[in-house]
Structure formats: structure tokens, C-alpha cells
Amino acid sequence: MVDILHRVAIKSSAAEVYTALTTTEGLAGWWATDTQGKGNDVGGVLQFRFVAGGFDMKVLELDPGKHVRWEVVEGPEEWVGTHVDWNLDRADEYTVVLFKHEGWKEPVEFMHHCSTKWAVFLLSLKSLVETGKGAPDPHDVKIDNWN
């Protein structure tokens, strides 16, 4: 198994970052404008729809201001069964996000694409929380001829 790992420091409270990760309004502000479901209930399912397709994530764990964990239950074959994990920690006036998309079976080309796109969207999260404006799909930075 292989994982995608990223780290980003966001100049804000952990509560603000947590809200952006657990509410449909927050998620639609930085990841996919077409977001539905329940992100603030363990067992809830979030539906994210992108120009190129979509994902359904089951909320597995929530620890307010500290941790969010999802399981991919619908989407591309490479994603189903993987986990998306967000750990939040404070460092001075920043919330440090340690991000993992874990459980990939192998590092296929699509994983390389997804790693870069996660970085793009983490910067969108940072922008949303710090400035009030993110760059969610379909307004994100395009990196491929098939995204």
C-alpha cells in the first residue's frame, strides 16, 4: 500500500479549518462546488461531483478541531476503499494540516495526478480559510488534458 502525504500551514484557528472540512458550504468553497451530504456526522456520506466525475466519502471519525477521517465508498476503482485523513495541530498562529490519502494498492499514473490535485486543493483550502475565497472545481488549476 502507498499513500499521498501533504502538509500545509493555514493562518487561522483549527475550528475554522475544521469547519471547512466538515460542512458542505466549507467543502464546496475549496474542493468541489457540487458538494452534498453530511460531513459533520460520523456515518454520514458526502457526495463530491467534479467535471471529470465524482466520489462518495463516508465519515468515519470526527474530533472537532483536531481530526477528520473519511472512507471512499464510491468513485474510481483506485479510490474505493482508500481513506482520506486530516490531522490538525496548532503552531503559533497557524493550524498545521497533515493530510493523508492512504491505502492505494499501487502507485499508478492516476495516483501521481491525484497527488498533485490534492496539493492544488489544499492550497485552495488555505486560500478559502485565510481570504474567504477558494478555487474549487470547476475553478481549480487544471494540470492535465483529462482532469
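So, where does proline 138 lie? Proline 138 sits in the segment that follows helix 3. I start there since the peptide bond running from aspartate 137 into proline 138 is cis, and its omega is near 10 degrees. Before I go on, one caveat: what you have on screen is a predicted model.

Okay, helix 3 itself. Helix 3 covers residues 109-131, and helix 1 covers residues 14-22; their axes come within 10 Å and cross at roughly 125 degrees. What does that angle make helix 1 relative to helix 3? It makes helix 1 oblique to helix 3, because an angle has to be over 145 degrees to count as roughly antiparallel, and roughly perpendicular stops at 115. As for handedness, the crossing of these two helices is right-handed.

Who's doing the touching? On the helix 1 side you've got Glu16, Val17, Ala20 and Leu21, and helix 3 brings Leu125, Leu128 and Val129. Sort the contact by class and you get six nonpolar residues, one charged and no polar ones.

Right, over to the strands. Strand 3, residues 45-50, is a nice one to click through, as it has two faces. Leu46, Phe48 and Phe50 make up the covered face, while Val45, Gln47 and Arg49 are on the uncovered one.

Strand 3 also has a partner in strand 2 and another in strand 4. With strand 2, residues 34-37, strand 3 runs antiparallel, and four bridges join the two. If you want one pair to look at, take aspartate 34, whose bridge partner in strand 3 is arginine 49. Yes, that's the Arg49 from the uncovered face.

And strand 4? That's residues 53-63, and the pairing with strand 3 is again in the antiparallel sense, this time over six bridges. Here the pair to pick is valine 45, which stands opposite lysine 58 of strand 4. Val45 belongs to the uncovered face too. The link between strand 3 and strand 4 is a hairpin, and two residues make the connection.

Last stop, one for anybody who likes checking backbone torsions. Aspartate 92 has a phi near 60 degrees, so a positive value, and this is a residue other than glycine. Which loop is it in? Aspartate 92 is in the loop between strand 6, 83-91, and strand 7, 94-104. Is aspartate 92 buried or exposed? Its relative accessibility is 77%, so it counts as exposed, the cut-off for that being over 50%.

That's my tour; over to you.

Terms used
Residues are numbered from 1 along each chain as its sequence is written. This is a predicted model: local features need pLDDT of at least 70, side-chain atom pairs count only at pLDDT 80 or more; totals for chains, interfaces and linings use all residues. Side-chain values use heavy atoms; hydrogens and water are left out. Axes are lines fitted to C-alpha atoms, for helices over the stretch in contact, and angles run from 0 to 180 degrees between N-to-C directions. Angles under 35 degrees count as roughly parallel, over 145 as roughly antiparallel, 65 to 115 as roughly perpendicular and the rest as oblique. A crossing is left-handed if the near helix is turned anticlockwise from the far one by less than a right angle, and right-handed if clockwise. Contact means heavy atoms within 4.5 Å. Ala, Val, Leu, Ile, Met, Phe, Trp, Tyr, Cys and Pro count as nonpolar, Asp, Glu, Lys and Arg as charged, and the others, Gly among them, as polar. Buried means under 20% relative accessible area, exposed over 50%, partly exposed in between (1.4 Å probe, protein chains only). Two strands pair if DSSP finds at least two bridges between them.
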